[in-house]
Amino acid sequence: MDIAYVRLAPPRPARSKISRALVFALLAGAAFFTYVLTTRSSVPTQNLELPTHTVNRMASTGYRSQFRPSVQQLTRSGDVAVRVMVPKDTPKRDAQVPNLSSANFTLKQMIGQMRPSGSNPNEKGKNNASVVNFFSATGRSVEITGESDEVPLLLKEYRGEAKKLALREIAVQARLRNAGEDITSLPVLPILGTFESKCIVHMTENGFSFGDKSLWTVESLNGITDTLVSYPYFPQKQHLTDKLPVIGPEMFLRRREAYIRKVVNGMITSLMKIHKNGIAHGALDMTSVLINTFDETKTKDVKVRFSNFGYAIDTNPEPIIDPSSAASLLIAPVEAAENNGKGELEIDLAREAVQAEDIYRMGLIFGELVYGAMSPEGPNARTHSSFLERRLRFKGFKVEGLREWSLEPSWTLVVDFLDKDKKAGWDLMQLLVKPPQELSTEEVLAQAL
């Protein structure tokens, strides 16, 4: 049957010499067109490839926002091709934060995007040209990173009005470093430098269309695992004792409780350093807290840093000498207090109010951390800080009311943890979200430790 089938099959048509010549001509034309595009500009360029697959929630990123690619996707192995124009002359930004070249870095993937407002973090940006894009990247330069091997970096691209956020971040870095803080011991994610570039916004029949110059910041992720929001999802190592019927679960809970205490202590210490240097964060949430390790067996090595100072507030009582400096772009306390719904306050009361807002937000972070990490269900809508805030508001910001609401099987581990040491956990949460009026913000943080 096979032989008969072969004999009956129609003969394979011969390829035409004309069709072969046409294919070769098309390939030659495509190669020439590609050569013209890559050599038409005399400005040095750096090619950066960005995979478009789904990305994880990295720190970075920071800012809770929906991932939306902002560059034209090209049908070339599923990648997004971006050509970054490296400017010959970059304006001087700040002596403490050096100017760099984009040629020193390789973008890996885009991890997020936000459209910010000018000075109010509670409002969404209405200007489509005001965008912050977040990229994971690597850098290899001893002068920049201090390492001879490639190190992980976070690159933020600020476009349009969003450049003000970058300048505020730079101002925060400069103030902390001027205060004598070593870059490795900063309570914030270190900015290694900045650079400017032009990026492709879309392709046209005549070639590439470039937008306005973007300002980029380069932040070191060396030693950083992720943002605090990812901690409850991290798979912990199993020990032999964890498999024992009674002792195992108890040992696991003790390690988790010790880790949470260490993180909260680190947040309070870092916030104290920031406030001491005349800065209020202005937009604290779980994605603004960076941790160097999620391994609960290494609790002693835990270090906490803050990031995303785009809405930083100047609480320094000393006036700014140079009005053209980056520090002049920090939000004024009176304006920030009004944005937070505090009304018009005098300058001293406004400084205290914005620092108190930071402490309040840290109290909500504490609640979200405990409820998300200690609940058997894991993080969900009812463990989010916004939900806990509604419950606290309904109870007049009395933590005892939140405890009464939590007396159900789902929150047994949460209540047991916060009840330890004569309800020390509830007392700490109360101190942070609604402290006694006679205590200053400095006294609240000191007492929280």
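**Exercise 1. Describe how strand S4 is paired and how far it is covered.**

Strands S3 and S4 pair in the antiparallel sense over 8 bridges, where pairing requires that DSSP finds at least two bridges between two strands. The model is predicted: local features need pLDDT of at least 70 and side-chain atom pairs count only at pLDDT 80 or more, while totals for chains, interfaces and linings use all residues. Residues are numbered from 1 along each chain as its sequence is written, and side-chain values use heavy atoms, with hydrogens and water left out. Helices (H or I, at least four residues) and strands (E, at least two) are DSSP runs, numbered from the N terminus.

Step 1. Locate a bridge: Gly 112 has Phe 134 as its bridge partner in S4.

Step 2. Turn to strand S5 (residues 151-159), which runs antiparallel to S4 and is joined to it by 9 bridges. Here Gly 139 stands opposite Val 151 in S5.

Step 3. Assess burial, which means under 20% relative accessible area, with exposed over 50% and partly exposed in between (1.4 Å probe, protein chains only). In S4 (residues 131-139), 9 of the 9 residues are buried.

Step 4. Separate the faces. In a regular strand the side chains alternate between the two faces of the sheet. One side of S4 carries Val 131, Asn 133, Phe 135, Ala 137 and Gly 139, the other Val 132, Phe 134, Ser 136 and Thr 138, and all of these are buried.

**Exercise 2. Classify the ring pairs of Phe 195 with Phe 105 and with Trp 216.**

Step 1. State the rule. A pair of aromatic rings is described by the distance of the centres and the angle of the planes. Rings of Phe, Tyr and Trp (its six-membered ring) pair if their centres lie within 6.5 Å; planes under 30 degrees apart count as stacked, over 60 as edge-to-face and the rest as tilted. By this rule the count comes to 10 aromatic pairs.

Step 2. Apply the rule to Phe 105 and Phe 195: the ring centres are 5.9 Å apart and the planes are at 15°, so the pair is stacked. Phe 105 lies in strand S3 (residues 105-114) and Phe 195 in strand S6 (residues 191-197), so this pair ties together parts that are 90 residues apart in sequence. Phe 105 is buried at a relative accessible area of 2%, and Phe 195 is buried at 3%.

Step 3. Apply the rule to Phe 195 and Trp 216: with centres 5.4 Å apart and planes at 15°, this pair is also stacked. Trp 216 belongs to strand S9 (residues 214-220), 21 residues from Phe 195 in S6.

Step 4. Combine the results: Phe 105, Phe 135, Phe 195 and Trp 216 form one aromatic cluster.

**Exercise 3. Place Val 304 and Met 267 in their surroundings.**

Step 1. Val 304 is found in strand S13 (residues 304-306) and is buried, with a relative accessible area of 8%.

Step 2. List contacts, defined as heavy atoms within 4.5 Å. Not counting residues up to four places away in sequence, the residues that Val 304 touches include Val 263, Met 267 and Ile 291.

Step 3. Follow Met 267, which under that exclusion touches Leu 228, Val 289, Val 304, Phe 306, Met 362 and Ile 365.

Step 4. Identify the core. A nonpolar core is a set of buried Ala, Val, Leu, Ile, Met, Phe, Trp, Tyr and Cys residues joined through side-chain atoms within 4.5 Å. The largest has 61 residues, and Leu 228, Ile 260, Met 267 and Ile 291 have the most contacts inside it. Helix H7 (residues 347-374) gives the most to this core, with 11 residues.
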